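Here is a friendly walk through this fold, written to be read with the model open beside you. Please keep the viewer at hand as the text moves from helices to sheets.

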Amino acid sequence: MSIVEEAPEFLEVLSDGSVKRFVPGVVSASPESTNGFKSKDVIIDSSKPITGRIFLPGNPTSLSKLPVVVYFHGGGFCIGSTTWPGYHHFLGGFSVASQSIVISVDYRLAPENRLPIAYEDCYCTLDWLGHQVSSEPWLDQADLSRVFLSGDSAGGNISHNVAVKVIRNKISHVKISGLLLIHPYFGSEKRTEKEMAEEGAGDVASIDMFWRLSIPEGSNRDYFGCNFEKTQLSATEWIDEFPAVAVYVAGLDFLKERGVMYAEFLQKKGVKEVKLVEAEKESHVFHVFHPESEATRLLERNMTEFIRSH
């Protein structure tokens, strides 16, 4: 059986359509406080299936309600899990730093489940949250009037598209107070200057492969989930209903250009607040590969400041 698509050390797609994923380790949830936080696995929808992991500060500094961060992992829509060590340690540490309840979602992956399935799975998490808050003890302190959507790379893309779905459907059981997109993964048929440069050929090939595997068959990179300029909201919805947004980019990240373009697009649409923050000497999803680094601590502080101000 030959390999037709490959992300070395992470993913192989074989000629018969089967998929092999290589997991860089798994961390189990721990209901007892470890490194200042505790975690618990939950089933969001057993029929699909969609699962998640809740992270709580081990010793909350307040007995009052806590903001909720719903987090979507990256991986080009094809790989990744909240159980991966980098995500587990970053999100647990972030729950302590921000004094928030973090719910990290394991949505169904492409190419077996192509977009928009990831968007639908992650949107379903908000329904689950609204129903579970009264019966899940780990959500006792959850403040559903202060819910934030966050994610890295493809997860940043998901955050945008779930927010759009919330606006369109006018849901009322949770209030999205803000979006925190880390190194978001977007694209388009039209290449950027950086993507057309010869030295970017390897990065472009990898990015294009993940789009081929994740967007609906027969679609191209102008699919709405890939190209944010295809988002369909009215002028009023952009100005009055789209939540405040923080976009985090990394100076050495090939996707930085797209992240900056996304922030500029929102500003042109009149979104009430758009903040762009750059980690100048860092690479793509550094917080996952180096969850204990000083750069990650600074990212946590920036995200915490954004949450506390909303």
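Helix H1 is largely enclosed by the rest of the structure, because ten of its 14 residues are buried; buried means under 20% relative accessible area, exposed over 50%, and partly exposed in between, with a 1.4 Å probe and protein chains only. Those buried residues are Gly-86, Tyr-87, His-88, Phe-90, Leu-91, Gly-92, Gly-93, Phe-94, Ser-95 and Ser-98. Just after H1, Gln-99 takes a positive phi of about 50°. Helices (H or I, at least four residues) and strands (E, at least two) are DSSP runs, numbered from the N terminus.

A word on the source: this is a predicted model, in which local features need pLDDT of at least 70 and side-chain atom pairs count only at pLDDT 80 or more, while totals for chains, interfaces and linings use all residues. Residues are numbered from 1 along each chain as its sequence is written, and side-chain values use heavy atoms, with hydrogens and water left out.

The table sets two helices beside their expected spans, where the expected span is 1.5 Å times one less than the number of residues.

| Helix | Residues | Length | Expected span | End C-alpha distance |
|---|---|---|---|---|
| H1 | 85-98 | 14 residues | 20 Å | 20 Å |
| H2 | 117-132 | 16 residues | 22 Å | 22 Å |

In H1 the expected span and the end-to-end distance agree, and they agree in H2 too.

**The eight-stranded sheet**

Now to the sheet that H2 lies across. Eight strands form an open sheet in the order E4-E5-E7-E6-E8-E9-E10-E11, and the pairing is mixed; two strands pair if DSSP finds at least two bridges between them. Its edges are strand E4 (37-45) and strand E11 (274-279), each of which pairs on one side only. From one strand to the next, the twist averages 20°. Axes here are lines fitted to C-alpha atoms, for helices over the stretch in contact, and angles run from 0 to 180 degrees between N-to-C directions.

How enclosed is E7? Six of its six residues are buried, so E7 is largely enclosed by the rest of the structure. Ile-101, Ile-103 and Val-105 point one way from the strand, while Val-102, Ser-104 and Asp-106 point the other way. E7 pairs with E5 in the antiparallel sense over five bridges, and Phe-55 has Val-102 as its bridge partner in E7. With E6, E7 runs parallel, and five bridges join the two; here Phe-72 has Val-105 as its bridge partner in E7. Elsewhere in the sheet, strand E9 (residues 176-182) and strand E10 (residues 244-250) pair in the parallel sense over five bridges, with Ala-244 in E10 as the bridge partner of Gly-178.

Two helices pack here. H2 lies across E4, E5, E6, E7, E8 and E9, running at about 155° to E6. Helix H3 (residues 154-169) lies across E6, E8 and E9, at about 140° to E8.

**Tyr-71 and the core**

Tyr-71 is found in strand E6 (residues 66-72) and counts as buried, at 1% relative accessibility. Leaving out residues up to four places away in sequence, Tyr-71 touches residues including Tyr-87, Phe-90, Val-102, Asp-152 and His-287; contact means heavy atoms within 4.5 Å.

The largest nonpolar core has 101 residues, and Leu-129, Phe-242 and Tyr-262 have the most contacts inside it. Such a core is a set of buried Ala, Val, Leu, Ile, Met, Phe, Trp, Tyr and Cys residues joined through side-chain atoms within 4.5 Å. Leaving aside neighbours within four places in sequence, the contacts of Phe-242 include His-160, Leu-179, Tyr-262 and Lys-272.

**Cysteines of H2**

The buried residues of H2 include Cys-122, Trp-128 and Leu-129. How many disulfides does the whole structure hold? A search finds zero, a disulfide being a pair of cysteine sulfur atoms within 2.5 Å. For Cys-122, the nearest cysteine sulfur is that of Cys-124, 9.0 Å away. Cys-122 counts as buried at 0% relative accessibility, whereas Cys-124 is partly exposed, with a relative accessible area of 23%.

**The three-stranded sheet**

Three strands form a second, open sheet in the order E1-E2-E3, with antiparallel pairing. Strand E1 (3-7) and strand E3 (19-21) are the edges, each pairing on one side only. The twist averages 10° from one strand to the next. Helix H5 (residues 201-214) packs on this sheet, touching E1 and E2, and its direction makes about 120° with that of E1.
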